[in-house]
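Work through the exercises below with the structure in view. Try each task before you read its solution.

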Amino acid sequence: MAKEEVLIDSVCVLADLGYTVLSDTCTPIEGDDAPVWLNVLSHLSLVITTLFLVEIPVTTWAIGFEFYNPFGKTPHALLHLFDVVVIVTTFVLEVVLRGKERELASLLIVLRLWRLVKLVGGIAVGAGDLEEETAKDLFKTREQLEKKSKELAQVQDENQQLRNRIAWLENQ
């Protein structure tokens, strides 16, 4: 999943929940008093959830069922499977429920925020990968530096021997 989509979806969901909980009337999005921007955010969230839903069969086709198999070799497969359950459930509830019943589905916000946790985890893994690459580059650079230091020491040694030989020849 694209990290930007997760972040945008989380912002949409938080805005929806924040408005619903903090408004005086607790008007759901479909209410007459609901602002247009909130309705737009709701539709945007549904579009993003649909993209996430489309991603599931594409990932299954590209990587295979092993990606979601918690007993397989894929790291964090259980978390990927949990994410699929959250996405499918969220999509179904967003499409099927309306009005006050949809407010009950807002309890799914906790699970939808799982995507934010996944985003943070993805960033941490990405940072770890970058750190690992940096460590490899640093190790290579250190090896090259040690090699060059040895070469420099040999050249300095050779230089000193040549100076000693020149001094000896000058004295003769």
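**Exercise 1. Take stock of the chain.**
Count the helices and strands, then describe burial and surface.

*Solution.*
Step 1. The chain has six helices and zero strands. Helices here are DSSP runs (H or I, at least four residues), strands are runs of E (at least two), and both are numbered from the N terminus.
Step 2. Read from the N terminus, the order is α-α-α-α-α-α.
Step 3. The model is predicted, so local features need pLDDT of at least 70 and side-chain atom pairs count only at pLDDT 80 or more, while totals for chains, interfaces and linings use all residues. Residues are numbered from 1 along each chain as its sequence is written, and side-chain values use heavy atoms, with hydrogens and water left out.
Step 4. Of the 172 residues, 26% count as buried. Buried means under 20% relative accessible area, exposed means over 50%, and partly exposed lies in between (1.4 Å probe, protein chains only).
Step 5. The accessible surface is about 12200 Å², and 66% of it belongs to carbon and sulfur atoms. Such areas come from the Shrake-Rupley method with a 1.4 Å probe; for residues, only the protein chains shown count as cover.
Step 6. Now take the contacts with a separation of 6 or more: 63% of them join residues 24 or more positions apart. Contact means heavy atoms within 4.5 Å.

**Exercise 2. Find the largest nonpolar core.**
Which residues make up this core, and which elements give two or more of them?

*Solution.*
Step 1. Recall the term: a nonpolar core is a set of buried Ala, Val, Leu, Ile, Met, Phe, Trp, Tyr and Cys residues joined through side-chain atoms within 4.5 Å.
Step 2. The largest one has seven residues: Ile48, Phe52, Ile56, Phe67, Tyr68, Val84 and Ile87.
Step 3. Helix H2 (36-63) and H3 are the elements that give two or more residues to this core. H2 provides the largest share, three residues.
Step 4. Look at Ile56. Beyond its neighbours within four places in sequence, Ile56 is in contact with Tyr68, Val84, Ile87 and Val88.
Step 5. Move to Thr59, also in helix H2. Thr59 counts as buried because its relative accessibility is 13%. With neighbours within four places set aside, its contacts are Gly64, Phe67 and Tyr68.

**Exercise 3. Trace a nonpolar surface patch.**
Which residues form the patch of about 310 Å²?

*Solution.*
Step 1. Patch residues have over 30% relative accessible area and no salt bridge; like charges are joined within 9 Å, and nonpolar side chains (Val, Leu, Ile, Met, Phe, Trp, Tyr) within 5 Å.
Step 2. Val88, Val92, Val95 and Val96 make this nonpolar patch.
Step 3. Val88 sits in helix H3 (residues 77-96). Its relative accessible area is 35%, so Val88 is partly exposed.
Step 4. Turn to Leu46 in helix H2. Leu46 is partly exposed, at 23% relative accessibility. Leu46 and Val95 are 49 residues apart in sequence, yet 8.3 Å apart C-alpha to C-alpha.
Step 5. Leaving aside neighbours within four places, Leu46 is in contact with Phe91, Glu94 and Val95.

**Exercise 4. Locate the salt bridge.**
Which side chains meet in a salt bridge, and where do they lie?

*Solution.*
Step 1. A salt bridge is a side-chain nitrogen of Lys or Arg within 4 Å of a carboxyl oxygen of Asp or Glu.
Step 2. The whole structure holds one. Lys148 and Glu151 form it, at 3.7 Å from N to O.
Step 3. Both residues lie in helix H6 (residues 114-171), three residues apart, about one turn of the helix.
Step 4. Lys148 is exposed, at 53%, whereas Glu151 is partly exposed, at 32%.

**Exercise 5. Set the record beside the model.**
What are the helix content and end distance of each annotated span?

*Solution.*
Step 1. UniProt (unreviewed entry) gives "transmembrane region" for residues 44-65 and 77-97. Its positions are in the numbering used here, feature names are shortened, and annotations may be inferred rather than shown by experiment.
Step 2. Residues 44-65 are 91% helix and 0% strand, with end C-alpha atoms 29 Å apart.
Step 3. Residues 77-97 are 95% helix and 0% strand, with end C-alpha atoms 30 Å apart.
Step 4. UniProt also lists residues 135-172 as "coiled-coil region" (unreviewed entry). This span is 97% helix and 0% strand, and its end C-alpha atoms lie 55 Å apart.
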